[in-house]
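These are my notes from a session spent looking up helix packing and two individual residues. I record each item in the order in which I consulted it.

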Amino acid sequence: MSRTVTLSAMPTAATQYPKAVGAMLPVFGKPSRVAPDASVPETVLRVENLRVDRDRLLDYCHTTGTQCGAPLPLTYLFVLQFPLAMELMVAGGFPFAAVGSVHAENRIERLRQIGVDEPLTIETHAENLREHRKGLLIDVISKFFVGRELVAVQTGTFLKQQRTSLSDTPRGPAPKDTTPPPPDRVVAVDLSLIRKYAAASGDRNPIHMADLSAKLFGFPKAIAHGMWSAAAAIANVEAQLPDAVVYQVRFGKPILLPAKVNLYTAKSDDGYTVSILNRRKGYPHLTGTLTPSA
């Protein structure tokens, strides 16, 4: 049976990141290998009457190109729930470490426009630990309420890389590098911009903050946040989206900083498709769809 814990305030990075680093230590930290049937905490973390920090929101909009007006930007819902998601992931009962896990997919379902001044209650829990060819996936789900009205659901899917029973399953041929078509827009991003995004979003994972710390986790250079790219990808079409919308994204190869990437936006029968491709080799950094919420 789930247990709801109501917090008096949002957790802070100052208390979370020491726990996140401690979870990686040998002997004292979390196990390097996680069983696919490992238990997932049934705790629900809840914060009531959260008010949006307008200065922080403005910084977020400046770094992502999203519009800063009366309604909340769609992807800012991820930022608002991120401290609760981290608090779940750094807890002792969570099956794997937060630092080093990969944000593989994200889904935001907005049921209506949400005003900047509306007080929000957020409830966050984890579920659905399962095997993947590259490791184990888990969903961290946050529900947003205005009063008793459910207004949005944010789902982040995270990957813990390890061998599983699915690792040797057949896979299709690797896509060949190809010269991408002319983009709708070229987006430039560097470490300075990503550090500003980290400050605005609260996500100061070391893989984003410096080349040296990124190398400790197997990356040749610092990388852009996946949710930075998810926001930048829809900045030009957000004003055309319906009030009730689903934004589903899958993250591909990381964007190594600094970089210029190709952004594509296409109108479909039921919404939009978006993608960010490598400028030279054409492989995807992000693919996504925007469709009306049922």
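The entries below concern a predicted model.

**Entry 1: helix 2 and helix 4**

I began with the pairing of helix 2, residues 54–64, and helix 4, residues 191–201. I noted an angle of about 150° between them, with the axes 9 Å apart. Angles over 145 degrees count as roughly antiparallel, and I therefore entered helix 2 and helix 4 as roughly antiparallel to each other. I also looked up the handedness, and the crossing of these two helices is left-handed.

I then listed the residues that make the contact. Helix 2 contributes Arg56, Asp59, Tyr60, Thr63 and Thr64, while helix 4 contributes Leu193, Lys196, Tyr197, Ala199, Ala200 and Ser201. Sorted by class, the contact of helix 2 with helix 4 comprises 5 nonpolar, 3 polar and 3 charged residues.

**Entry 2: helix 2 and helix 7**

I next turned to helix 7, residues 226–234, whose axis comes within 9 Å of that of helix 2. The two axes cross at roughly 75°. Values from 65 to 115 degrees count as roughly perpendicular, and I therefore recorded helix 2 and helix 7 as roughly perpendicular to each other.

On the helix 2 side, I found Tyr60, Thr63 and Thr64 in this contact; on the helix 7 side, I found Trp228, Ala231 and Ala232. By class, I counted 4 nonpolar and 2 polar residues between helix 2 and helix 7, with no charged residues. I noted that Tyr60, Thr63 and Thr64 of helix 2 appear in the contact with helix 4 and also in the contact with helix 7.

**Entry 3: Gln81**

I located Gln81 in helix 3, residues 76–90. Is Gln81 buried or exposed? Its relative accessibility is 1%, so I entered Gln81 as buried. A polar atom of the Gln81 side chain lies 2.9 Å from the backbone oxygen of Phe78. Leaving out residues up to four places away in sequence, I found that Gln81 touches Ile122, Ser142, Phe144 and Gln154.

**Entry 4: Phe251**

My last item was Phe251, which lies in strand 8, residues 245–251. Phe251 has 15% relative accessibility and therefore counts as buried. I looked up its separation from Val102: the two are 149 residues apart in sequence, and their C-alpha atoms are 9.4 Å apart in space.

Which residues does Phe251 contact, apart from its neighbours within four places in sequence? I listed His103, Ala104, Glu105, Asn106, Gly226, Met227, Ser229, Ala230, His285 and Leu286.

Technical notes: Residues numbered from 1 in each chain as written. Predicted model: local features only at pLDDT ≥ 70, side-chain atom pairs only at ≥ 80, totals over all residues. Heavy atoms only, no water. Axes fitted to C-alpha atoms, helices over the stretch in contact; angles between N-to-C directions. Helix = DSSP H or I, 4+ residues; strand = E, 2+ residues; numbered from the N terminus. Parallel < 35°, antiparallel > 145°, perpendicular 65-115°, else oblique. Left-handed = near helix turned anticlockwise from the far one by under 90°. Contact = heavy atoms within 4.5 Å. Nonpolar A, V, L, I, M, F, W, Y, C, P; charged D, E, K, R; others polar. Buried < 20%, exposed > 50% of the residue type's maximum accessible area, 1.4 Å probe, protein only. Polar contact = N/O pair within 3.5 Å; in protein donor to acceptor, adjacent residues only side chain to side chain.
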